[in-house]
Amino acid sequence: MQVDARRRFPVNGAVEVAGATPVPTMAAVLQRTERRLRAAQATHLGYPYNLVARSRVPAGMSGLLVNNLGDPYVGSHFGSEVCELELEVVAWLQRVWRADPGEAFWGSVVASGTEGNLWALYLAREARPVATLLHSDAAHYSIPKAARLLRMPAVAVPTEPGGAIDPEALASAARAAGTDVVVALTCGTTMTGAHDDIAACLAALDRAGVTAERRFVHVDGALNAMVIPFLDDAPEGIRPGFDHAIDSLSTSGHKMIGTPMPCGVLVARRPYVDRVAAAVSYLRSDDTTLMGSRNGHAVLAVWERLIGHGEAGFRRDAAGCLARAARLATDLTAAGVPVVHNPWSLTLVFPQPAESVVNRYQLACSDDRAHAIVMPNVGDALLSQFRGDYLAWWSAQRS
Ligand SMILES: *Cc1c(COP(=O)(O)O)cnc(C)c1O
């Protein structure tokens with residue numbers, strides 16, 4: 001869109017500037033923007049965003065500043081905050097992520113999955129100052145970015161064909177590093193929705209002599225840390241949780257949780273956070289978060305989704321999405337399309353179709369492959385429309 005720098009928004013109705021193109025009112029610009037967003041969301045298939053959530057919160061408080069300043073557990077004398085609800089969010093996820101109630105944990109709502117990863121790796125680096133970061137070559141780009149920001153040496157470990165890290169290759173890389181290691185595993189890779197086998201990786205590290213005192217393990221569960229826990233048959237090894245000897249776990253709020261703004265949640269073992277906490281006297285709080293001011297509206301939205309939709313709701317969503325993803329995989333495969341569909345994953349990978357199809361469904365592409373992610377808002381009608389468009393392209397380019 002061309003933006004006219006001379007544009008002036010009238011407060012009440014249109015303003016005419018002699019000789020100039022008519023200036024739209026603010027209301028008209030907002031209306032046009034809303035129409036564009038709704039149209040884009042109606043055919044969206046390419047990113048793991050749950051667009052079904054009809055969040056009522058924080059609409060009622062949209063005019064209020066809500067700022068969870070400082071540490072959520074300490075609070076501060078600043079009153080316009082919702083730290084209590086933030087702690088309920090963290091407690092909810094601690095339960096789902098099998099945190100032992102007898103052990104001490106810390107958590108907070110963060111700005112995005114990226115901030116969760118960055119802060120987790122910061123906690124890791126403070127605990128293991130001379131360490132090499134190991135992640136798979138399918139890790140999200142926020143992981144190597146965090147390594148650059150934190151100036152940590154990083155090694156990308158090869159993946160198995162489906163996109164999950166090779167546990168033996170991880171153990172070899174850890175041995176080769178010769179230092180402590182920080183390991184970033186992924187629960188649902190961005191491109192193929194693969195799950196690193198947490199149990200197998202920890203066992204391989206143990207066998208290589210890289211024991212718990214020499215490592216810090218973070219699990220990036222941006223999408224599937226809110227999917228796998230709700231699938232009863234998923235194998236224990238890939239189940240994201242603190243019953244494995246991991247140190248931190250994070251997810252995005254706008255992915256499966258379904259908040260209407262980007263955000264995330266991080267949970268870590270408490271001693272790592274106590275180590276970096278510094279008291280800020282004028283806040284009367286502890287400085288334990290990357291951001292000073294933190295988005296309280298996001299906290300309200302995550303809280304409403306977790307408590308309101310509930311475990312039963314997420315269970316239904318996970319099972320429904322998985323079934324629809326499997327159906328789409330079956331249908332495309334039946335038509336001869338080579339589809340990669342990892343077990344327990346909502347992500348399908350297939351040859352990249354024509355630009356018109358890529359753009360209409362906003363498919364993410366890399367290396368001539370595209371992927372679709374079957375989220376709760378991706379229903380049968382949208383899938384059948386997509387199947388029709390995709391297979392029309394598929395048969396046309398093969399004839
Ligand atoms: C989306 C994603 C992220 C980043 O999350 P944002 O909320 O977009 O910052 C990190 N890791 C994985 C595996 C992701 O899919």
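Helix α3 gives the largest share of the shell around the ligand, three residues. The model is predicted.

**The ligand site**

The ligand takes up the space of the largest pocket. Two elements give two or more residues each to the shell: α3, spanning 113-127, and α7, spanning 253-257. The shell holds 14 residues. Those that come nearest to the ligand are G113, T114, D220, S252 and K255.

What is the make-up of the shell by class? Polar residues number 11, charged residues two, and nonpolar residues one.

**Contacts with ligand oxygen atoms**

Three residues place a polar atom at the following distances from an oxygen atom of the ligand.

| Residue | Atom on the protein side | Distance to a ligand oxygen atom |
|---|---|---|
| G113 | backbone N or O atom | 2.7 Å |
| T114 | polar side-chain atom | 2.6 Å |
| K255 | polar side-chain atom | 3.0 Å |

How much of the ligand does the protein cover? On its own, the ligand has 380 Å² of accessible area, and the protein covers 89% of that.

G113 uses its backbone for the contact. T114 and K255 use their side chains. G113 and T114 fall within the range of α3, and K255 within that of α7.

**The protein as a whole**

The fold has 11 helices and 12 strands. Its C-alpha trace spans about 75 × 65 × 40 Å along the principal axes. The chain-level size fits a simple rule: a compact globule of 399 residues would have a radius of gyration near 21 Å, so the 23 Å of the protein agrees.

Definitions and conventions:
Residues numbered from 1 in each chain as written. Predicted model: local features only at pLDDT ≥ 70, side-chain atom pairs only at ≥ 80, totals over all residues. Heavy atoms only, no water. Near = heavy atom within 4 Å. Polar contact = N/O pair within 3.5 Å; in protein donor to acceptor, adjacent residues only side chain to side chain. Areas by Shrake-Rupley, 256 points an atom, 1.4 Å probe, with all protein chains shown as cover. 1 Å grid on protein atoms, 1.4 Å probe; cavity = no way out; pocket = protein on both sides within 12 Å on 5 of 7 lines; lining within 4 Å. Sits in = over half its atoms within 2 Å of the grid points. Helix = DSSP H or I, 4+ residues; strand = E, 2+ residues; numbered from the N terminus. Nonpolar A, V, L, I, M, F, W, Y, C, P; charged D, E, K, R; others polar. Rg over C-alpha atoms; globule rule 2.2 N^0.38 Å.
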